[in-house]
Amino acid sequence: MLEKVNNFMPILLKWFFICAMIGFFSGSASAFFLVTLEWVTQIRIQNSWIIWLLPLGGLLIGLSYHYYGATVVKGNNLLLEEYDQPKRVIPLKMAPFVLLGTLITHLLGGSAGREGTAVQMGGAIADQFKVIFKLENQERRSLIVMGISAGFASVFGTPWAGAIFAIEVLYCSKINLKSIILSFLVAFIAHFTVEFWAVKHTHYYIPEIPQWNPTVFLGVVLAGILFGLAAMIFSRTTHFWARTFTKTISYPPLRPFIGGTILAVAICFLDVQKFVGLGVPVIIEAFTHPSGNFDFLLKILFTGFTLGCGFKGGEVTPLFFVGATLGSALSIVIPLPIALLAGMGFVAVFSGATHTPIACTVMGMELFGMETGWFLLLACGIAYLSSGSVGIYSEQNAKGTKYHLYQLFKRKNLKDF
């Protein structure tokens, strides 16, 4: 027995050290990213003319990835590919490339998020430990889980959701117990690292939680279906623009240049300033004042176009924007508190677009309070089931309940017709 303990301790210490290093470096990278992101956002707000530089920023991003970053241009999808079929270590240069690309996008007025950046930085940092410790492919899978977990948890301040998201966004049947434990450990280390650097996250508040009754239940179900459809539109719009630019413009660096030109003209000549960047002020306002009926659709259009033409950044914060503004607008017709509807949409659209209803429910409880849990769970579950089979990550192995229900429905239709 003592011999087994002596053999186990070095392994335990090795993985604790790896968790600590990944959590610290990923958390520090996210802290730096959040600070610089706020900095470039303020520069853009104070200098509206800078949006005219968006085409040049797009060209710079396109050229850098085309000539120096071709091995990391797939972004989050590269993490999913390497987890599913490990081939080679993810280059560390993914981290600075996506960081600079995202900062340029936000500085010059592109509509994008931040989770993709943090997740890619975390994944690239984590995968380097495969070489340092000469790990096997199965152990390397744990590293990728840890990198995704650390990046997500640290950039949003939601360690429980970050750990679950990393597990859920990958194919759950291929996740072993060790990866689950490590995912939670590294998520909290990364989260507390951001707190150590005194970087603050946005806080949201839902003041009124109604009692359950048939009307409330039906309202949540209806809202969940609409959130799922919004997630479907978001995912398909992003993929549509990516395919369109790929087919019509053969030279990749020109795609963000031309896309940036179109965006700059639209932003400067139309009243659409609130749809550029992260849009956090609009999200916060959605919890107290009804949003415009088409705000969520315009955010889908601008984000899908921005990312589809080749600018860098994440999709999750725009998904928060889409969900919160849609929920806020629905408060006029669905008899539920506006803050609750905005909060439900905040996580439910994210759930549908990433096939991660559990992580999104937990994230909502971390952000809005435990008392919202049952509302969020129902909304996220309904949105997940009604959002279709295509998500924002093209390489995601999105099987599970929705996949089997979809296959059953398809077989039944073929049989009936």
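A residue is taken as buried when its relative accessible area is under 20%. In this predicted model, F346 has a relative accessibility of 1% and therefore counts as buried. That residue makes a convenient starting point for a tour of the aromatic side chains.

A pair of aromatic rings is described by the distance of the centres and the angle of the planes. The structure holds 30 aromatic pairs. In one of them, F287 and F346 meet edge-to-face, with 6.4 Å between the ring centres and 65 degrees between the planes. This contact links distant parts of the chain, for F287 sits in the loop between α12 (280–286) and α13 (295–308), while F346 belongs to helix α15 (residues 338–354), 59 residues apart. Both F287 and F346 are buried. F346 also pairs with F368, again edge-to-face, here at 5.5 Å centre to centre and with 85 degrees between the planes. Helix α15 is thereby connected to helix α16 (residues 357–368), which carries F368, and the two partners are 22 residues apart. With a relative accessibility of 5%, F368 likewise counts as buried, because the limit is 20%. These contacts belong to a wider arrangement: F152, F156, F165, Y204, F287, F320, F346, F350 and F368 form one aromatic cluster.

Aromatic rings also meet charged side chains. K312 lies over the face of Y65, 4.3 Å from the ring centre. In a second case, R141 is placed over the face of Y83, at 5.7 Å from the centre of the ring.

Attention now turns to the salt bridges. Side chains of opposite charge can pair when their charged atoms come close. A search of the whole structure finds 5 salt bridges. Among them is the bridge between K14 and E139, whose closest N and O atoms are 3.9 Å apart. K14 lies in helix α1 (residues 2–46) and E139 in helix α7 (residues 137–156), so this bridge ties together parts of the chain that are 125 residues apart in sequence. K14 is partly exposed, its relative accessible area being 23%.

Helix α7 also contributes R140, whose side chain meets that of E82 in a salt bridge of 2.9 Å, N to O. Since E82 lies in helix α3 (residues 76–84), the pair ties R140 of helix α7 to a part of the chain 58 residues apart in sequence. R140 and E82 are both buried. R140 forms a salt bridge with D127 as well, the closest N and O atoms being 2.7 Å apart. D127 is found in helix α5 (residues 115–127), 13 residues apart from R140 in helix α7. D127 is buried, as is R140. E82, D127 and R140 are thus linked in a network of salt bridges.

Two helices illustrate the geometry of the fold. Helix α14 (residues 316–330) has 15 residues and should span 21 Å at 1.5 Å a residue, which agrees with the 21 Å between its end C-alpha atoms. This helix is mostly covered, with 15 of its 15 residues buried. Helix α9 (residues 177–196) contains K178, which is partly exposed at a relative accessible area of 31%. The C-alpha atoms of K178 and F196, 18 residues apart along the chain, are separated by 27 Å.

Finally, the surface carries a nonpolar patch of about 760 Å², made by W49, W52, L53, L56, V265, F269 and L270. One of these residues, L56, lies in helix α2 (residues 54–68).

Terms used. Residues numbered from 1 in each chain as written. Predicted model: local features only at pLDDT ≥ 70, side-chain atom pairs only at ≥ 80, totals over all residues. Heavy atoms only, no water. Phe/Tyr/Trp six-rings, centres within 6.5 Å; stacked < 30°, edge-to-face > 60°. Helix = DSSP H or I, 4+ residues; strand = E, 2+ residues; numbered from the N terminus. Buried < 20%, exposed > 50% of the residue type's maximum accessible area, 1.4 Å probe, protein only. Lys NZ or Arg CZ within 6 Å of the ring centre and 35° of its normal. Patch = residues over 30% accessible without salt bridge, like charges linked within 9 Å, V, L, I, M, F, W, Y side chains within 5 Å. Areas by Shrake-Rupley, 256 points an atom, 1.4 Å probe, with all protein chains shown as cover. Salt bridge = Lys/Arg side-chain N within 4 Å of Asp/Glu carboxyl O. Expected span 1.5 Å × (residues − 1).
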